[in-house]
Amino acid sequence: METSKGITKEDLFNKAATYLKNEKNLDLIRKAYYLAEKYHEGQFRRSGDPYIQHPLEVAYLLASLQTSPQTICAGLLHDVLEDTDYTSEEMIKEFGYDIYSIVEGVTKIGKLKYMTKERALARTHQKILLAMAKDIRVVLVKLLDRIHNMRTLEFQSPEKQVRIAQETLDLYAPLAHRLGMYRIKAELEDTAFKYIHPDKYQEITSRILQQRETREEDIDKMQQAITNLLDNSNIKDFQIKGRIKNIYSINHKMETKDLDLSQIYDLMALRVIVPTVADCYMVLGLIHSQWNPLPGRFKDYIATPKPNLYQSLHTTILGIEGKIFEVQIRTYDMDNVAENGIAAHYSYKEENSNYSPQKEQEELVTKLKWYKDLLSYVEVDDNDDVDPLHNIKEDIFSANVYVFTPKGDVLDFPNGATPLDFAYRVHTEVGNRTVGAIVNGRIVPLTYHLKTGDVIEIKTNKNFNGPNEGWLKIVKTSHAKSKIMGILNKRKRDQLIEKGQEEIDKLIKVLNLSIKIDEKLVKEHYPKITINTLDDFYYNVGKGEISAKGAINKFSGSIEKFDENAMIKHYQDLERNRKPQKTNDYAIYVDGLPKAQVKLASCCHPVYGDAIIGYVSKGNGIVVHRFECHNVKHSQEERFIDVYWDDTPGTKHYESILHIYSFDRKNIVAEIINTINGINNVNINSITSSKDRNGDLVTKVKISVNNLETLANLQTNLYKISDIHTIERVVK
């Protein structure tokens with residue numbers, strides 16, 4: 001990547017003039033520069049440079065790639081909307097909507113209010129990726145903006161250096177790679193790696209420098225040997241270059257393949273560049289006739305280009321002195337694409353009267369089949385907290401397995417992808433109806449891992465019921481997983497709607513109420529954010545988000561409409577039919593006795609969080625009591641043993657009994673039930689109500705709760721009911 005340190009405005013104008021001859025285009029660039037200079041006046045970067053230096057260098061890099069004058073102008077103006085008082089309306093009026101749309105797409109994302117840090121990050125990535133997917137020029141400006149920011153990263157705080165470097169590795173370097181922009185990718189990776197892992201970066205750099213002289217001598221000897229071979233074979237107009245693998249790629253290969261630096265044979269590779277495709281294959285034949293190729297190390301990316309448009313022949317040979325060399329063979333055009341990627345295809349040509357940004361974007365989507373997927377991956381619901389970058393990293397940026405459809409189209413997938421991933425990439429309905437797969441003419445299981453070069457054919461059946469839970473373990477791509485989850489959630493939703501309706505209907509019948517549940521009633525009592533339809537209401541009841549009892553309370557309009565005797569009978573019936581809890585499921589452990597038989601004392605009903613002690617009983621194992629239980633004070637001390645709660649109670653519930661004393665008034669039991677039903681992780685097992693000798697009403701409630709904190713919260717809320725004066729937790 002061309003460096004741009006100390007670039008001046010004259011450098012920019014001269015660079016643009018090397019391929020832009022129309023004075024109007026050059027005037028547009030000058031106009032954009034002087035406006036940016038005016039509005040950034042008095043602003044400085046952390047490096048101490050005037051702020052204008054940043055957009056100037058971005059614009060120079062864009063001119064080096066021979067992008068359109070509009071793109072260069074956007075590079076010059078990309079910060080004025082955010083960092084100055086220059087308005088969108090002014091930009092559209094002075095430079096037109098096309099330039100404004102690029103700038104608007106590149107404008108940095110501000111902090112998103114009222115969101116968690118993770119959600120804000122997800123939204124930021126979504127907006128960046130969405131803007132990029134809609135316009136390739138936004139990608140170019142954003143990548144080069146990041147290049148210059150990485151070159152000046154030393155002036156940021158250490159925390160910011162690591163954060164920006166990590167985002168660069170996660171988003172910008174992979175994007176440059178998928179666009180075939182090798183030089184930009186390599187610089188972004190190496191600079192980011194230097195800040196994230198400075199020690200590793202320094203170690204590898206040092207070792208490469210130590211071996212550089214020897215390796216360069218080997219490369220020079222091999223280069224001369226190939227030159228002599230091609231000269232003697234009358235190959236004309238060729239070039240041979242040596243290139244060193246970038247530091248980040250070396251480290252990645254060492255870690256993923258558990259290699260030492262000395263075992264990486266493509267650390268320095270030879271590149272032979274020739275005029276035509278026919279010359280490429282001729283050179284390949286000559287090299288293989290002279291030096292033995294290593295088996296399995298030949299790749300033909302000319303016949304089958306990579307999805308980022310990269311084309312080249314790759315071979316690894318046993319060269320002079322028995323040393324291993326990687327050789328890449330390509331045409332001059334292919335070399336340009338390999339270095340500059342998509343920018344090489346879309347270098348601006350003034351004489352092209354048919355040029356338009358829309359046409360350029362359409363051609364891009366046609367050539368880069370993965371690029372259109374970018375749009376579908378980031379067009380997600382605003383309420384979705386999932387970072388779209390995660391899915392894109394998994395499915396698009398990590399894709400390095402290339403397979404064919406029966407028609408010869410190439411699709412790319414990450415390692416571990418299966419025929420089901422392929423089916424869902426073709427079409428959602430193809431995936432849903434998949435019953436089998438044929439790879440290279442033979443039937444394979446759906447768990448088969450795709451390999452580069454496979455030809456995949458999917459067998460479908462329109463009567464097939466569709467995906468099941470097991471498919472989620474088979475597929476690799478986030479795209480396929482989301483489609484399968486959509487179907488499974490739809491099925492689960494239908495089941496939960498039915499369950500919720502049954503709960504509501506049953507409760508209405510038990511309580512002898514005459515309430516008609518319809519959409520109008522639901523909308524009156526529940527906010528539109530969560531409940532929009534009657535099905536939404538039943539769905540939330542079915543999955544436990546809305547209590548059926550609490551909903552009936554709301555819909556009745558008045559608690560006085562309840563038949564208290566019917567409610568009490570309902571809970572008594574539940575208690576009679578309730579299955580006893582397993583004796584070993586209490587989240588209690590005893591030191592030295594991992595499989596101890598444990599039982600909760602029925603006299604004091606310990607709840608997770610209580611101070612507890614164990615009593616070794618005859619025939620009942622260890623009975624766990626609360627410390628304040630009177631039985632603890634009057635039992636044999638030698639039988640007591642220390643017991644402990646696990647770190648978390650998980651989903652376990654514990655029985656407790658409350659005696660609630662109140663003045664006797666109408667509907668107070670209904671209010672008690674309503675309050676209990678409104679507390680999460682509390683269930684009523686039984687309830688009775690009677691008067692004591694003082695004339696007070698005593699409501700005895702047997703409940704199950706998940707921990708002591710929930711029980712305390714329940715008691716606090718019960719005391720808020722008027723006329724309740726005492727609540728006792730029963731110890732027999």
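Mentor: Two strands count as paired if DSSP finds at least two bridges between them. Keep that in mind here. This is a predicted model.

Trainee: Which residue in β5 stands opposite K299?

Mentor: Start with the strands. Strand β4 covers residues 299-300 and pairs with β5 in the antiparallel sense. The two are joined over two bridges, and pairing needs at least two. Opposite K299 in β5 stands H314.

Trainee: Over how many bridges do β5 and β6 pair?

Mentor: Strand β6 spans residues 324-331, and its pairing with β5 is antiparallel. One bridge partner in β6 is I329, which belongs to L313. The number of bridges between β5 and β6 is six.

Trainee: Which residue in the turn between β5 and β6 has a positive phi?

Mentor: β5 and β6 form a hairpin. Five residues lie between the two strands. The phi in question is about 60°, and the residue is E321.

Trainee: Which residue in β5 stands opposite N292?

Mentor: N292 lies in strand β3, residues 292-293. β3 pairs with β5 in the antiparallel sense, over two bridges. The residue opposite N292 is L318.

Trainee: How many residues of β5 are buried?

Mentor: Strand β5 covers residues 313-318. Buried means under 20% relative accessible area. β5 is mostly covered, and of its six residues the number buried is five.

Trainee: Why is β14 largely enclosed by the rest of the structure?

Mentor: Strand β14 has five residues, 612-616. The cut-off for buried is under 20% relative accessible area. β14 is largely enclosed because the number of its residues that are buried is four.

Trainee: What is the bridge partner of Y615 in β15, and what is it in β16?

Mentor: Both strands pair with β14 in the antiparallel sense. Strand β15, residues 622-626, does so over five bridges. Strand β16, residues 640-641, does so over two. The partner of Y615 in β15 is V623, and in β16 it is F640.

Trainee: What phi does G619 have?

Mentor: G619 sits in the turn of a hairpin formed by β14 and β15. Five residues lie between these strands. The phi of G619 is positive, at about 90°.

Trainee: Which are the edge strands of the sheet that holds β14?

Mentor: Four strands form this open sheet, in the order β13-β15-β14-β16. Its pairing is mixed: β13 and β15 run parallel, joined by three bridges, while β14 and β15 are antiparallel. An edge strand pairs on one side only. The edge strands are β13 and β16.

Trainee: Which residue in β15 stands opposite V598?

Mentor: Strand β13 covers 598-600. Three bridges join β13 to β15. Opposite V598 stands I622.

Trainee: What is the order of strands in the three-stranded open sheet?

Mentor: The pairing in this sheet is antiparallel. Its edge strands are β10 (442-444) and β11 (456-460). From one strand to the next, the twist averages 35°. The order is β10-β9-β11.

Trainee: Which helix packs on that sheet?

Mentor: The helix touches β9, β10 and β11. Its direction makes about 80° with that of β11. It covers residues 419-426 and is α20.

Trainee: Which residue in β11 stands opposite G436?

Mentor: Strand β9, residues 434-439, runs antiparallel to β11. Five bridges join the two strands. The residue opposite G436 is K459.

Trainee: At what angle do the axes of α6 and α7 cross?

Mentor: Helix α6 covers residues 88-95, and helix α7 covers residues 97-106. Their axes come within 7 Å. The crossing makes α6 oblique to α7. The angle is roughly 140°.

Trainee: How many nonpolar residues does the contact of α6 with α7 have?

Mentor: From α6 come S88, M91, I92 and F95. From α7 come Y97, I99, Y100 and V103. By class, one residue is polar and none is charged. The nonpolar count is seven.

Trainee: What share of the residues in the chain is buried?

Mentor: The chain has 30 helices and 21 strands. It exposes about 37200 Å², with 48% of that supplied by carbon and sulfur atoms. Of the 732 residues, the buried share is 49%.

Definitions and conventions: Residues numbered from 1 in each chain as written. Predicted model: local features only at pLDDT ≥ 70, side-chain atom pairs only at ≥ 80, totals over all residues. Heavy atoms only, no water. Buried < 20%, exposed > 50% of the residue type's maximum accessible area, 1.4 Å probe, protein only. Areas by Shrake-Rupley, 256 points an atom, 1.4 Å probe, with all protein chains shown as cover. Axes fitted to C-alpha atoms, helices over the stretch in contact; angles between N-to-C directions. Parallel < 35°, antiparallel > 145°, perpendicular 65-115°, else oblique. Contact = heavy atoms within 4.5 Å. Nonpolar A, V, L, I, M, F, W, Y, C, P; charged D, E, K, R; others polar.
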